[in-house]
Amino acid sequence: MRSRVISSGGMRALPAPLLLLALGCVLLVVILIAVSFGSTSIPIGTIVQILLNGTGLFHFTRQWDPSAEVIVWQVRMPGVIGAALVGSALAVAGVLFQGMLRNPLADPFLIGTSSGAALGAAIAFVLPLDTLYGSFFLLTPLLAFVGAVLTVLLVYAIARVGGQTPVVTLLLAGVVVNAVLVAFQTLILTLSPHAQFSIVALFNWLTGGVAVTSWSPIIVVGAIILIGIVFSLTLARVLDAFGLGEEGAAHLGLHVERYKLLIIVVGSLITAAAVSISGLIGFVGLVTPHAMRLLLGPRHRLLLPASALGGAIFLTVADLLGRVVIAPAVLPVGVFTALVGAPFFLYLLRSSKRAYRW
Amino acid sequence: MVDEGSNVPEVLLDVDGVTFGYERQPLLYDVHVQVRKGEMVGLLGPNGSGKTTLLRLVSGVLRPQQGRILLDGRELQDWGRRGVAQRIAVVPQELHVPFAYSVEQLVNLGRTPFVNLLGSNSGQEAIVVQDAMQAADVTPLANRIFNELSGGERQRVIVAMALAQQPKLLLLDEPTSHLDIKYQIDILELVQRLNRERGVTVIAAMHDLNLAARYFPRLLLFQRGVVADAGPAEVLEPHLLKRVYGVDVQVGILRGAQHLSVLPPDSDSIDDEREREGQPQVLVMAGGGSGELLMRALADVNIPFIAGALNIGDSDHTLALRLASAVITEQPYAPISPATLEQVRTSLLRMKLLLFCPMPIGPGNLSLLQEALLATHRGIKVLILAPTVLDSKPETQVVTVDEALQQTGIAKRDYTNGEGVRLVREMLQAGATVVESVVEAVEAILLLASSNS
């Protein structure tokens with residue numbers, strides 16, 4: 001008992017800004033490493049110089065192959081930045097949903113985002129348009145985004161009874177709507193004339209992978225995600241209060257239902273934005289918040305930015321592994337989020353000095 | 001008692017005619033309570049009596065369906081959520097926190113109604129938090145994890161969190177129900193100290209009558225409405241407790257103690273007591289205030305009686321809880337259920353006399369009339385009380401059944417298409433008699449009693 005107290009006290013003794021700074025540095029390094037790996041490896045020093053030149057403030061003399069510049073800026077950076085954005089979006093959404101629902105199993109996909117996005121994507125794949133994955137940006141991500149947002153709104157509407165949205169009803173409505181949408185998705189794929197092709201394409205999409213090769217989607221999605229994350233930082237104290245339960249939060253003067261809707265909307269928007277460029281990547285949204293909570297404690301003021309950085313690091317690494325392990329073939333990112341995330345999480349869980357309780 | 005003298009503190013909380021229920025089942029009916037600044041009020045009542053609901057109404061989590069709740073002379077809704085939270089703090093029975101918050105972080109959450117959700121804590125806030133922790137004696141625990149504390153320590157932390165709200169009114173919902181006796185006393189001593197030293201007004205739902213007697217100068221006995229509102233000596237009265245809680249208790253002052261104690265009865269003495277008190281032999285069927293005068297009169301001459309079936313919320317029900325030996329109770333506004341009717345039937349088997357008050361007859365309570373008729377046929381003495389008529393002619397000599405029927409006035413309050421009238425006629429034919437006044441009824445009962453003994 002005594003040692004627990006001391007160790008947890010020591011944990012908190014580390015000042016928060018320092019921790020965030022450290023996580024930021026790790027993210028930067030990971031991004032550079034991720035950019036340097038690929039079909040032709042580019043030294044990190046060169047990458048740094050190319051990137052700094054890109055800002056227009058520095059003018060390093062060009063000692064590298066001009067194609068490297070194209071590879072860094074046009075090929076690898078969008079993908080890596082995309083992965084980082086998706087990772088931080090999913091992790092922050094995970095914090096939002098776990099905090100609001102007070103449920104350790106909550107993840108960003110819990111209340112319908114995943115099945116809604118998948119249905120949207122399935123529709124995109126069977127439409128008689130040239131929507132080969134990657135060849136035409138707009139349709140698949142757009143329908144996935146719309147599907148995810150509409151589904152969450154539907155789940156929320158179903159769960160709302162007499163001005164209240166009980167958490168249990170919300171979770172059950174999510175489960176039911178998920179099941180129905182998955183059925184629809186199966187139905188559409190089975191009945192589609194070129195079913196075989198669609199199913200393979202959808203499978204690839206579902207297993208997740210940040211296959212972005214241009215900046216335009218990154219800018220749109222990145223804007224939604226960054227605004228969402230910044231906004232969710234203002235909800236930190238509200239999420240802390242939700243830890244006392246809804247009635248407890250109400251006793252502290254919060255409009256519980258209003259904030260619940262706000263959290264659902266923000267969480268779903270950033271999840272939908274992430275899903276639209278990455279497909280369904282599991283585990284990031286579930287594990288990152290837990291890992292950060294174990295490292296830094298439960299206060300959301302710190303947990304939210306830390307999870308944003310942690311999720312970005314996590315997914316960048318997973319994406320890198322997916323590209324490198326059996327190069328030139330690419331493995332789905334979801335495989336590595338699970339393979340890397342699960343043991344790391346278990347390690348944290350077991351080695352934590354204090355019992356991690358819900 | 002309540003003079004407008006300068007020494008009487010102002011009213012802090014005014015619960016004014018509040019009615020509330022879930023799904024059309026009224027749980028609270030027309031509740032009136034006033035609490036003055038600095039009072040310490042204990043809320044008593046059996047499980048399901050609506051204590052917690054009353055606290056949730058006062059804390060603004062629920063809204064009354066009728067009536068209003070005034071805090072400092074202003075309705076709760078007008079204060080707004082934040083405004084209420086700046087004045088009222090709530091200590092729940094138990095708090096489950098899913099995250100590993102430290103004590104200080106948790107107490108800090110109590111400042112939520114006061115701080116800008118964007119901003120960080122100013123030094124001012126930190127002082128309030130430290131002060132709250134000091135007052136609740138949890139400063140040494142500041143860096144401990146809340147979930148790793150004992151039940152008593154946790155409850156003190158929750159009180160500290162409530163104190164950080166700097167409330168005028170502290171609501172506690174059975175704050176000691178999960179604690180062992182040492183911590184129960186611990187918490188109540190703490191609350192009492194806050195009440196005395198900081199002038200925090202306290203309303204606490206209590207399930208332990210002894211602790212309530214010890215710590216609360218004013219007790220509210222609650223059963224869907226206020227049954228009694230006074231000091232411990234008046235409220236903790238065995239007959240009252242028996243009617244509300246449904247159990248015989250002994251109340252007294254233990255040797256060397258200063259406060260009342262409530263003890264469960266010895267199993268031997270339960271039967272003794274019943275015999276001593278005398279079994280009631282009179283059943284009163286009333287409702288809507290029709291039985292008020294009669295029940296008071298019976299109580300005045302010490303005739304024990306049973307009342308029922310009465311709906312919760314009916315004024316006759318509230319009165320019967322105070323006066324009758326037993327009350328057969330039905331849900332608010334509900335028709336008489338088969339189970340309740342069965343209770344009436346079995347009670348009637350033990351009765352010598354049935355008093356039928358001039359209440360309105362509708363589809364919901366027509367079955368009571370049928371029971372009354374069955375009882376009449378069985379040969380029980382049945383008195384039908386005529387409604388009070390102001391210009392009644394004295395000395396009306398009733399001869400025929402029709403005249404008697406006229407006298408009962410049943411036709412005017414029968415809402416069952418004549419079925420009620422038919423049943424009353426049959427009762428009269430079977431030997432029921434009409435009494436014109438309460439006095440006449442009581443005389444008839446006393447006569448019956450004396451002829452028996």
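Modeller: Before we look at this predicted model, note that helix axes are lines fitted to C-alpha atoms over the stretch in contact, with angles running from 0 to 180 degrees between N-to-C directions.

Biologist: How, then, should I read a pair of packed helices, and at what angle do the axes of helix H11 and helix H12 of chain B cross?

Modeller: Two packed helices are described by the angle between their axes and the distance between the axes. In chain B, the axes of H11 (residues 292-300) and H12 (residues 315-323) come within 10 Å and cross at roughly 5 degrees. Because angles under 35 degrees count as roughly parallel, H11(B) is roughly parallel to H12(B). H11(B) contributes Glu292(B), Met295(B), Arg296(B) and Ala299(B) to the contact, while H12(B) contributes Asp316(B), Leu319(B), Ala320(B) and Leu323(B); of these residues, 5 are nonpolar, none is polar and 3 are charged.

Biologist: Which residues of helix H2 of chain B are buried, and why do they line one face of the helix?

Modeller: An α-helix has 3.6 residues a turn, so residues three or four places apart point the same way. In H2(B) (residues 76-85), the buried residues are Leu76(B), Arg81(B), Val84(B) and Ala85(B). Seen down the helix axis, they fall within an arc of 95 degrees, and therefore line one face of H2(B). They pack against helix H11 (246-251) of chain A, and also against strands E4 (66-71), E5 (74-75) and E6 (88-91) of chain B.

Biologist: In what order do the strands of the open sheet in chain B run?

Modeller: Strands of a sheet pair through backbone hydrogen bonds, either parallel or antiparallel. Here 6 strands of chain B follow the order E15-E14-E13-E16-E17-E18, with parallel pairing. Strand E15 (326-330) and strand E18 (433-435) are the edges, each pairing on one side only.

Technical notes: Residues numbered from 1 in each chain as written. Chains lettered and ligands numbered in written order. Predicted model: local features only at pLDDT ≥ 70, side-chain atom pairs only at ≥ 80, totals over all residues. Buried ≥ 20, exposed ≤ 12 C-beta atoms within 10 Å, placed from the backbone. Helix = DSSP H or I, 4+ residues; strand = E, 2+ residues; numbered from the N terminus. Arc of directions from axis to C-beta. Contact = placed C-beta atoms within 7 Å. Pairing = 2+ DSSP bridges. Parallel < 35°, antiparallel > 145°, perpendicular 65-115°, else oblique. Nonpolar A, V, L, I, M, F, W, Y, C, P; charged D, E, K, R; others polar.
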